[in-house]
Amino acid sequence: MAKFVLAGKTDCPHYAKAELLADRLQRSLPNFRIQKISILPHEWKEWLDATCKRNGWKHEQSPMVWRELVDHGGKGILLGDFSDFLEHCQDYYNITSDMSTDIMLSVAAENLETKMNLIAEEQHRVSLIKPLHIWISSALSSTCHFLIPYLLSAEVFPHVSAISLHLLDLEGNMEELQWLRMETEDLALRLLHQVTIHTDLEQAFREADVIVLLDEGWSEDSDRGNEEEVKKKTVKGISDSHQFVTVATQLENEAKAIVAKKLKVRTSDITNVIVWGNISGSFYIDLQRAKVFNYDGAIKGPAFFSQPAKSILQGRKWLETDFQDLVRCQRAAVTSKTCQAAAMTVTNGMLAVLKAWNGVCSPDEVFSMGVLCPGYYNLPDGIVLSIPVTFTDGRWSVLCDVTVGDELKERLQLYASELRQEKELGSENCTMVINKVDS
C-alpha cells in the first residue's frame, strides 16, 4: 500500500493543487492513501522546522510531501515539494494535473476560510465545556507519573465531565515537561480536556479547583524559598481551612500491612487505622477504631463481618512499643531505599482521599489527615497535625467519637510543640498537600 503525507500552508495555491491531485489518485487507485496536514500560515515555519529536525530532512517551502513506509516501519521518505510530487505521480501512475492558476488561488482561499471556520467552531465548543482545573506541583517527580492516569478517571471524579490538567515544576526544564504533556495526551483518556505546562510561579494555580503539592520534588539542596513561595501562593485567599489538608494515608497503609501480616490477613482486610501527630516527624498509630475482616479465628462470619483489631491482638505491650517501632522502621526503610516518599504508596493514599472527598466512600470510613486544628482536642492554633476524619457530602469533619486519654493528650501536645519548633526554624516539611478549592 502506498501512503503519502501532504502538508502545507492552508492558503498555499500549490498545496491546493497537490491536494486535488492526491484526491484524484485516491479515487483511482485502491491501494493509494493520502493524509493531509493543513497548517495555518503563521504556524507553518515553526511546524516545518520541527518536522524536518525530527526526521533529518531539509525543506523550505509549501507544500511538503513524504511517503510513509507502511510495511517496513521507520521514518518516512521525503519526496519534496509540489513539483516533485507531480513528477512522481506522472512517472509511477501516469496521472498529472492541469489546474489553472485562477482555480489554484480560489481553492487556496477556500481552504483558508474552511480552516478558520473549523477553528472557530472548535473554540466555541471548547468554550461550552467547563472543565475541572487540577494543578500538580513537582510535576516531573515519579509520584506525578504514577498519579496522572488515575487522577484522570471517573473513579476519582465521578461527577466531572472534563479535566484540565496543569503541570508545574519550578526546577524542571520545558523540554521534559513537554514530553510529559505529550505522554499524558497520548493516554487518550476520556476526561482529559487539555494539558498545560508551567515553570513560572506567577502562572501557578490560576482557576484551580484542586491543587496537589508534591513536596518530594524539592531536595535538601534545592531552593526552599521556592517551596515556601508555592505554599504561600497556594493558601493566599483561601479562608476555609477545610480546603487545605495533608495526607497521612501512606502511614495508615504501612501500619495496616504490619497488622495484616501479624494476623495473617490481607492488608485490605484492615480498616480505620488512625494516625495522630506529625506526618513527617513524631506520630502515634492508634487501633481503637480499627477493624479486621476475614480473620481465621474462633469467631467467623460472612465477608461483611469484622472484629475489633485490639480485641484480637490483645497484647498492649506489643501495640504500644513493638508495633509503633515497626511502623517507624518500615517508614525509615522505604525512605532510605528510595531517597524519597515511595511514589506508588503516596499516589494510592492521595487517590483514596480524593475519592472520599468526591463521595466515593462510606460515611463511616475513617481517614487520617493533617489539618489545622484550632479547637480540636485542645490543640493550639496554627498547627497542622494528623487527626481522624470522616467524609460526608464532599466535606470532611473531625471524628469526635474517639477516646483521647491523658497519655494521648500528652502525645498530641508534644507533637504540637515539635511542629512549632520546626515552624520557627522554617523547616516544616509535609509529605503531600491537597487543596480542594470550592467552586
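Helices (H or I, at least four residues) and strands (E, at least two) are DSSP runs, numbered from the N terminus. The structure is a predicted model, in which local features need pLDDT of at least 70 and side-chain atom pairs count only at pLDDT 80 or more, while totals for chains, interfaces and linings use all residues. Residues are numbered from 1 along each chain as its sequence is written, and side-chain values use heavy atoms, with hydrogens and water left out.

The protein contains 12 helices and 18 strands. Of its 439 residues, 45% are buried, where buried means under 20% relative accessible area, exposed over 50%, and partly exposed in between (1.4 Å probe, protein chains only). About 23,100 Å² is exposed by the protein, and carbon and sulfur atoms supply 51% of it; accessible areas come from the Shrake-Rupley method with a 1.4 Å probe, and for residues only the protein chains shown count as cover. Contact means heavy atoms within 4.5 Å. Among contacts between residues at least 6 apart in sequence, 68% join residues at least 24 apart.

An open sheet is formed by four strands in the order 2-1-3-4, with mixed pairing; two strands pair if DSSP finds at least two bridges between them. Strand 2 (32-39) and strand 4 (77-80) are the edge strands, each pairing on one side only. From one strand to the next the twist averages 25 degrees. Axes are lines fitted to C-alpha atoms, for helices over the stretch in contact, and angles run from 0 to 180 degrees between N-to-C directions. Three bridges in the antiparallel sense pair strand 3 (residues 64-68) with strand 4, and Arg-67 stands opposite Ile-77 in strand 4. Helix 2 (residues 41-55) packs on this sheet and touches strand 1 (2-9), strand 2 and strand 3, its direction making about 40 degrees with that of strand 3.

A second arrangement is an open sheet of three strands in the order 10-13-14, with antiparallel pairing. Strand 10 (270-271) and strand 14 (306-308) stand at the edges with a single partner strand each, so one side of each is left without a neighbour in the sheet. Strand 13 (residues 291-293) is joined to strand 14 by three bridges, and Val-292 has Gln-307 in strand 14 as its bridge partner.

Strand 16 (residues 384-392) and strand 17 pair in the antiparallel sense over four bridges, and Trp-396 in strand 17 is the bridge partner of Phe-391. Two residues lie between the strands of this hairpin, in which Asp-393 takes a positive phi near 55 degrees. In a regular strand the side chains alternate between the two faces of the sheet. Along strand 17 (residues 395-398), Trp-396 and Val-398 point to one face and are buried, whereas Arg-395 and Ser-397 point to the other and are not.

A nonpolar core is a set of buried Ala, Val, Leu, Ile, Met, Phe, Trp, Tyr and Cys residues joined through side-chain atoms within 4.5 Å. The largest has 30 residues, and Trp-276, Tyr-377, Phe-391 and Trp-396 have the most contacts inside it. Helix 12 gives the most to this core, with five residues. Leaving aside neighbours within four places in sequence, the contacts of Tyr-377 include Trp-276, Ile-387, Val-398 and Leu-412. Apart from this core lies another, of 26 residues, among them Leu-147, Phe-157, Val-212 and Leu-351.

Leu-414 is found in helix 12 (residues 406-425) and is exposed, with a relative accessible area of 58%. Its C-alpha atom is separated by 8.9 Å from that of Gly-277, 137 residues apart along the chain.
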